[in-house]
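Visitor: I would like to learn how to read the features of a model such as this one, beginning with the terms and then going on to the case at hand. Could we have the structure in view before we start?

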Amino acid sequence: MAEDNDRYRRGVGVMLLNRAGNVFVGARIDSTDEAWQMPQGGIDEGEHEDPWATALRELEEETGIPPHLVERVTTCAERLKYDLPDELRGKLWGGKWIGQDQDWYLARFLGTDADVHIATPHPEFREWKWIEPAQLPELIVPFKRDLYRRLLKEFADYL
């Protein structure tokens, strides 16, 4: 089992809520599909001790939102995994991982839409929007839908 766990990339994700209770989603710049996702990314070497700091870094890298405009609300009780579909396993991350094992955070956005800047030095999203939380599973790629449904249950008391 431990050997299989080594095949999952450690990562983080952020469900970011605005003042109206809507969730930030972005359309990936490298996808032609109409699949949206919440900000997420890998934990780099030396970041394993503080996944929240990684989440703030990833959020800023993907959205331009600085950490001082983000308030942590809660953390998912356990890490959540997803598996890549077979057709993507050899293409993403150099074929090293079969999926991700992620720490997820619910956070509140303290800024305004003018503080969102997806045209970052290494852009990941081509567009973004705020959506009702219940819309998340329908907008995400099929292989991440169960994870998003689980997050909605985990964070239900705060949504």
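Guide: Let us begin with the vocabulary of secondary structure: helices (H or I, at least four residues) and strands (E, at least two) are DSSP runs, numbered from the N terminus. Residues are numbered from 1 along each chain as its sequence is written, and side-chain values use heavy atoms, with hydrogens and water left out. This is a predicted model, in which local features need pLDDT of at least 70 and side-chain atom pairs count only at pLDDT 80 or more, whereas totals for chains, interfaces and linings use all residues.

Visitor: In which element of the protein chain is confidence lowest, and in which is it highest?

Guide: The scale to use is pLDDT, the predictor's confidence in each residue, from 0 to 100. The protein chain has a mean pLDDT of 90, with 91% of its residues at 70 or more. Confidence is lowest in helix H1 (residues 2-5), where the mean is 54, and highest in strand E5 (residues 70-75), at 98. Where pLDDT is low, the predicted coordinates should not be read in detail.

Visitor: How should I read a salt bridge, and which residues of helix H5 meet in one?

Guide: A salt bridge is a side-chain nitrogen of Lys or Arg within 4 Å of a carboxyl oxygen of Asp or Glu, and a search of the whole structure finds eleven of them. In H5 the side chains of Arg 149 and Asp 146 meet in this way, at 3.2 Å from N to O; these two residues are three apart, about one turn of the helix. As to accessibility, buried means under 20% relative accessible area, exposed over 50%, and partly exposed in between (1.4 Å probe, protein chains only). Arg 149, at 38%, is partly exposed, while Asp 146, at 60%, is exposed.

Visitor: Which parts does the salt bridge of Arg 150 and Glu 78 tie together?

Guide: The side chains of Arg 150 and Glu 78 meet at 3.1 Å, N to O. Arg 150 lies in helix H5 (residues 145-154) and Glu 78 in the loop between E5 and strand E6 (80-83), so the pair ties together parts that are 72 residues apart in sequence. Arg 150 is partly exposed at 29% relative accessibility, and Glu 78 is partly exposed at 44%.

Visitor: What does the span of helix H2 show, and how many of its residues are buried?

Guide: The expected span of a helix is 1.5 Å times one less than its number of residues. For the 13 residues of H2 (residues 51-63) this gives 18 Å, and the end C-alpha atoms are 18 Å apart, which agrees. Ten of the 13 residues are buried, among them Trp 52, Leu 56 and Arg 57. With contact meaning heavy atoms within 4.5 Å, the buried residues of H2 pack against several strands, including strand E1 (8-17) and strand E7 (99-109). After H2 comes Gly 64, with a positive phi near 80°.

Visitor: Where does Arg 57 lie, and which residues is it in contact with beyond its neighbours within four places in sequence?

Guide: Arg 57 lies in helix H2 and, those neighbours aside, is in contact with Gly 42, Asp 44 and Glu 47. Arg 57 also forms a salt bridge with Glu 61, their closest N and O atoms being 3.0 Å apart, and both residues lie in H2, four residues apart. Asp 44, Glu 47, Arg 57, Glu 58 and Glu 61 are linked in a network of salt bridges.
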